[in-house]
Amino acid sequence: MEHQFLLVAGAGLAIMITASVFARRTGVAAPLLLVGLGIAASYLPGTPAIHIEPEFILAGVLPPLLYASAVQLPVLDVRRNLALISWQSVVMVIVSALTIGALVHAVFPGISFALATALGAVVSPTDAVAATAIGHRIGLPPRLMTVLEGESLVNDASALVVLRTAIAALSASAGFSFGDTALDFGWAVVGAVVIGFLVGWVTALLRQRLDDPVLNTTISFAVPFLAYFPAEEAHASGVLAVVMAGLVTGAVGSKRFSARDRQTQATTWTTINFILESAVFLAMGYQLPELVDAARAETTTGEITGLVLLVVGLLIVLRFVGLVWPALRERFGRPDRNEKARVQLGQFEEKLDSMTPAGEREENRLAWARRRLARGRADVEFEEREPITVRGFAVVGWAGMRGVVTVAAVQTIPAGTPQVDTVVLAAFLIALITLVLFGLTLPMVIARMSFAAESAEDKRDSVQSLLRRVGEDAIDTLGPLEEQTIGGEPLDPELVTTMKDRIVPGIVSGSSQLRATRPDSLEQMMIVQRRYLDAMRDALGAERSIGAYSSATYRQVESLLDAIEQRFGTR
């Protein structure tokens, strides 16, 4: 049995790698290839029957998948798109689940309203894996990528809360209550945010104190589960707690982790993400023939076809209808809001200019208020620089693939429930159809929209501008090199000359020609380099909190500072 399991695992890894390489060369989304290969593998003679417990996927696979995505998602982008993300991942998930539940029950009376709502809940959340893979390759605007990724992270929590309520209503004594659903969802959000924030913050502080990459990586493995299980025990949303922990870890890590730790974390979680996502899509295809056999006892081909087509049609209609209000709000309401915001910010600035701080505490409060003013102006400039146009909303509407959560969550519906095999098969087929339909056509849709991409020259200018800015802020904070002291003693004049000519300009520009002139000056140079790098990181953090540049620019400058840090060996 053990040899058979190892053989299946090894074959699965080989298929994942082959599908990924083939996807990159052909442009076909890897999830589509994996599902197809999974179906083909299930028909090979001698292949064993594999049954994966859905609870294992929800509790063992989904938390690290969500964490791997959340830790890479910039908090700045989430904040700026929070309204649209919340609308799509909360309001429209609940509306879709209830609408699908009502219509499916009306058309197929043999499926109870509670079970139909459970089906609506599991097919409502989108999976952005295929969409973002296509978007990265074709050049989807970064803001649309953020919306898709943020939506796919949060909508899982909404769907699972509705699913939990629907499953409870399947018992004879229970009834479906809108009030209970609202209360459950409210606690699921609040409890998850608190637990996820605490877990992310505490573990990040602990990892900051550990100068051991092995221990640091081991703790990072535990973070998603430390967030998920306590939240679930508290009847909050475990998946939302994991997302919150990932966002907090990503934000804190950019300030407190070493370059080595950040690089190790990025590589490790990218690998984990690839293996888990690929395994789920491969297993999805592998299980499909078995599900078809199980559903034959309680349904017909015509009924399952009608059910699947009805739900797929409803998902498409509801997704585009749900985007009408945000699109109208963006198209007609944004100019007025931007102008009003600009007037309010101007009035706020006049008020700040008229203030005369009496002490250090008031000076700090005034400095904080000016940072808030700068962030407000950066937000307005961002909305004008990167608006979501009608073409953007069309792409968001067409990126409606379903995946991991749909496949795992539908299998948690209690066995023995009338028509449960029909619903499980329908959910699998719906996920498969949306992957094929949207996955194959989305590249063409994105290409037809002709989004304007930022030129390489503009990207380079933004990076250089931000790098100069944080370098100048660091020098303003620490003062000129001639004024630096170590242990109360001034620096060696020859070292000051060397660093002024090579080291500090190299830190600001990212140059690789950084050498000490004398061995006895090495220690002093390392200390001063560390000071300026730390000051630049602080300045980068302050700039990131304002958000005058794009997240990609912040990431690239952070990568340059990380490369310099690793080359210097300052940590």
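Helices are DSSP runs of H or I with at least four residues, numbered from the N terminus. The model used here is predicted.

**Exercise 1.** Find where S450 is located, and decide whether S450 is buried, partly exposed or exposed.

*Solution.*
Step 1. Locate the residue. S450 sits in the loop between α18 and α19 (456-478).
Step 2. Check the backbone. The phi of S450 is positive, near 50°, and S450 is not a glycine.
Step 3. Apply the cut-off. Exposed means over 50% relative accessible area. S450 has 52%, so S450 is exposed.

**Exercise 2.** Do the same for Q419.

*Solution.*
Step 1. Q419 belongs to the loop between α17 (404-410) and α18 (420-449).
Step 2. Its phi is positive, about 70°, although Q419 is not a glycine.
Step 3. Partly exposed runs between the limits of 20% and 50%. Q419 has a relative accessible area of 22%, so Q419 is partly exposed.

**Exercise 3.** Describe the largest cavity: its volume, its lining and the helices that supply the lining.

*Solution.*
Step 1. Count. There are three cavities of 30 Å³ or more.
Step 2. Size. The largest cavity has a volume of about 110 Å³.
Step 3. Lining. Its lining residues include Q88, M92, E151, L315 and R402.
Step 4. Sources. α5 (82-107), α8 (142-169) and α13 (301-322) each give two or more residues to this lining. α5 gives the most, with four residues.
Step 5. Character. The lining of the largest cavity holds four nonpolar, four polar and three charged residues.

**Exercise 4.** Place W201 in its helix and its surface patch.

*Solution.*
Step 1. W201 lies in helix α9 (residues 178-209).
Step 2. Patch residues need over 30% relative accessible area. W201 has 33% and counts as partly exposed.
Step 3. W201 helps make a nonpolar surface patch of about 650 Å², with W187, V190, V194, F197, L198 and V202.

Methods: Residues numbered from 1 in each chain as written. Predicted model: local features only at pLDDT ≥ 70, side-chain atom pairs only at ≥ 80, totals over all residues. Heavy atoms only, no water. Patch = residues over 30% accessible without salt bridge, like charges linked within 9 Å, V, L, I, M, F, W, Y side chains within 5 Å. Areas by Shrake-Rupley, 256 points an atom, 1.4 Å probe, with all protein chains shown as cover. Salt bridge = Lys/Arg side-chain N within 4 Å of Asp/Glu carboxyl O. Buried < 20%, exposed > 50% of the residue type's maximum accessible area, 1.4 Å probe, protein only. 1 Å grid on protein atoms, 1.4 Å probe; cavity = no way out; pocket = protein on both sides within 12 Å on 5 of 7 lines; lining within 4 Å. Points joined across faces, edges and corners; volume = space filled by probe spheres on them. Nonpolar A, V, L, I, M, F, W, Y, C, P; charged D, E, K, R; others polar.
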